[in-house]
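Open your viewer and keep the selection box ready. The tour goes from one residue out to a whole chain and back to a residue.

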Number of protein chains: 2
Amino acid sequence: MVKRTSFEGDACPIARSLDALGDWWSLLIIREALFGLRRFGEFQSKLGMAKNILAARLRSLVDRGILATAPASDGSAYQEYVLTPKGRGAFPILVALRQWSEEFDDHPEEIATILVDREKGRPVKKLEMHAEDGRLLSPADTTLKPRPAPRRRSAS
Amino acid sequence: MVKRTSFEGDACPIARSLDALGDWWSLLIIREALFGLRRFGEFQSKLGMAKNILAARLRSLVDRGILATAPASDGSAYQEYVLTPKGRGAFPILVALRQWSEEFDDHPEEIATILVDREKGRPVKKLEMHAEDGRLLSPADTTLKPRPAPRRRSAS
DNA sequence: CTCCATTAGTTTCATCATGAAACTAGATTG
DNA sequence: CAATCTAGTTTCATGATGAAACTAATGGAG
């Protein structure tokens, strides 16, 4: 059992996310799915990845509830892969990755696209983290706390 | 050249970020570094990863300007690994991954920690995306545009 | 209905990456 | 200066990846 370590049982939520999304292709598949791709062949030609790897990734994403197979929207007998709410929920991760690249990449001139506000066509601002009361938070304004034990029924 | 495909030259900023951070360990190393870890042995024992892999990752992260080696803060002759601004800039990525897990994980009761506002001790809100003018944007409110060609000197 | 092309995979095989353990050089401690 | 600790490197077995060939089912042309 020299297996590539899994973070499935890890208590850290970051590790748990990485267990599902942290390989080289899953997030790119989700990116394309958000962009509207649905068919095996579309993913394969757009991403240029090996078909066996794509098949394995799609299976994993379906198993984890990130994609679902749907019985074809154009009437053909083939199936399609569509994002579940869980899959669409990965959007902020993609935005965060994009913005990190936009801000820190050594060759930003090679970046082909920018994410813009559809209405105005202007670049979106950086992701913001806010407190419950609305205050804008910087990393230093945050800290980690142990998760409170889930209370059963009512408070003690 | 059956090498694991690199996204280094890819025009997609998400792929470019994944090229630097998209392996199983890099983001966890950054997480620990944000938490204050600095020494090789600290990372190794905290993450429980093989030392050769850790050494390779640290080297890669230093090469990419995400970590820097510093000549020891406690006077010893060993070196330390500290985050650069580029490394600290990955904070939103970690928050996005954490929040995705908090929202969609099948076993959220296994998650040990929550990210809170230091001042109030209350959980932070989900990351928000805003337009330049401050409007809150949903994914559907955004679209991709080709990056405008960089103008030289003045406008045409 | 038949034949051919397309789609969506699976199989095979070579190579790369990962992980565990042993090993090592230099730093630190007693 | 001997024992130990730190920070790695080396070695080797195994798992993951990728390219290409192969296959079964579908779709389309005539």
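Is B:Pro139 buried, partly exposed or exposed? Select B:Pro139 in this predicted model. With a relative accessible area of 40%, B:Pro139 is partly exposed, because the partly exposed class runs between 20% and 50%.

**Stop 1: around B:Pro139**

Show the backbone on either side. B:Pro139 sits in a loop of chain B, with strand 5 (136–137) before the loop and strand 6 (142–146) after it. Now display the contacts. Setting aside residues up to four places away in sequence, B:Pro139 touches A:Phe91 and B:Met129. One of these partners, A:Phe91, belongs to chain A. For the other, draw a C-alpha to C-alpha distance: B:Pro139 and B:Met129 lie 8.6 Å apart in space, with their positions 10 residues apart in sequence.

**Stop 2: chain A as a whole**

Hide chain B and colour chain A by secondary structure. Chain A has 6 helices and 6 strands. Their order along the sequence is α-α-α-α-β-β-α-α-β-β-β-β. Chain A is more spread out than a compact globule, because its radius of gyration is 19 Å, well over the 15 Å that the globule rule gives for 156 residues. Rotate chain A onto its principal axes: the C-alpha trace spans about 55 × 45 × 40 Å.

Next, colour by domain. Domain 1 covers 13–88 of chain A and domain 2 covers 92–141. Place a centre on each: the C-alpha centres of the two domains are 24 Å apart.

**Stop 3: surface, burial and charge**

Turn on the surface of chain A. Its accessible area is about 8,700 Å², and carbon and sulfur atoms account for 53% of that. Colour by accessibility: 43% of the 156 residues of chain A count as buried. Then switch to a contact map. Take the contacts in chain A between residues at least 6 apart in sequence; 36% of them join residues at least 24 apart. For charge, select the 25 positive and 21 negative charges of chain A; their mean positions are 8 Å apart.

**Stop 4: A:Gly22**

Bring chain B back and select A:Gly22. What lies on either side of its loop? Helix 1 (13–21) comes before the loop of A:Gly22 and helix 2 (26–34) after it, both in chain A. A:Gly22 counts as buried, because its relative accessibility is 6% and the cut-off is under 20%. Which residues does A:Gly22 contact, leaving aside neighbours within four places in sequence? The partners are A:Ser17 in chain A, and B:Gly22, B:Asp23 and B:Trp24 in chain B.

Key
Residues are numbered from 1 along each chain as its sequence is written. Chains are lettered from A and ligands numbered from 1 in the order in which they are written. This is a predicted model: local features need pLDDT of at least 70, side-chain atom pairs count only at pLDDT 80 or more; totals for chains, interfaces and linings use all residues. Side-chain values use heavy atoms; hydrogens and water are left out. Domain bounds come from an automatic or database domain assignment. Helices (H or I, at least four residues) and strands (E, at least two) are DSSP runs, numbered from the N terminus. The radius of gyration is taken over C-alpha atoms; the globule rule is 2.2 Å times the number of residues to the power 0.38. Buried means under 20% relative accessible area, exposed over 50%, partly exposed in between (1.4 Å probe, protein chains only). Contact means heavy atoms within 4.5 Å. Accessible areas come from the Shrake-Rupley method with a 1.4 Å probe; for residues, only the protein chains shown count as cover. Lys and Arg count as positive and Asp and Glu as negative; His and the chain ends are not counted. The place of a charge is taken as NZ of Lys, CZ of Arg, CG of Asp or CD of Glu.
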